[in-house]
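Student: I'm new to this structure and would love a close look at a single part. Could you walk me through it once it is on screen?

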Amino acid sequence: MQHHAVTSSRIASVGYDQRTRTLEICFHDKSVYQYQGVPERIFSVFLTVVSKGRFYDGVVKGKYPERKVA
């Protein structure tokens, strides 16, 4: 999965797999989480919002099945 580096105090990069609709988020603490069933538009907006952490907290976290991968 290709990741895009982002400017955030908490999040290092964000990746998305269109085939499986999986959003993957790498945090600065080296933890990596995957979220299943995420629409592609959520990923697209994630890349453009000013506050990645606020978007993550409000739109992603707790809204989609989560799996810690690292």
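Student: Which are the buried residues of helix 1 (residues 40-48)?

Tutor: Happy to help! This is a predicted model, in which local features need pLDDT of at least 70 and side-chain atom pairs count only at pLDDT 80 or more, while totals for chains, interfaces and linings use all residues. Residues are numbered from 1 along each chain as its sequence is written, and side-chain values use heavy atoms, leaving out hydrogens and water.

In helix 1, the buried residues are Ile-42, Phe-43 and Phe-46. Looking down the axis of helix 1, you find them within an arc of 100 degrees, so they line one face of the helix; the arc is that of the directions from the helix axis to the C-beta atoms. An α-helix has 3.6 residues a turn, so residues three or four places apart point the same way. On the other side of helix 1, Arg-41 and Thr-48 are exposed. Here, buried means under 20% relative accessible area, exposed over 50%, and partly exposed in between (1.4 Å probe, protein chains only). Helices (H or I, at least four residues) and strands (E, at least two) are DSSP runs, numbered from the N terminus.

What does the buried face meet? The buried residues of helix 1 pack against strand 1 (3-5), strand 2 (11-17), strand 3 (22-27) and helix 2 (52-60), where contact means heavy atoms within 4.5 Å. Strand 2 includes Ile-11, which counts as buried because its relative accessibility is 0%. Beyond its neighbours within four places in sequence, Ile-11 touches several residues, among them Phe-46, Gly-53 and Tyr-56.
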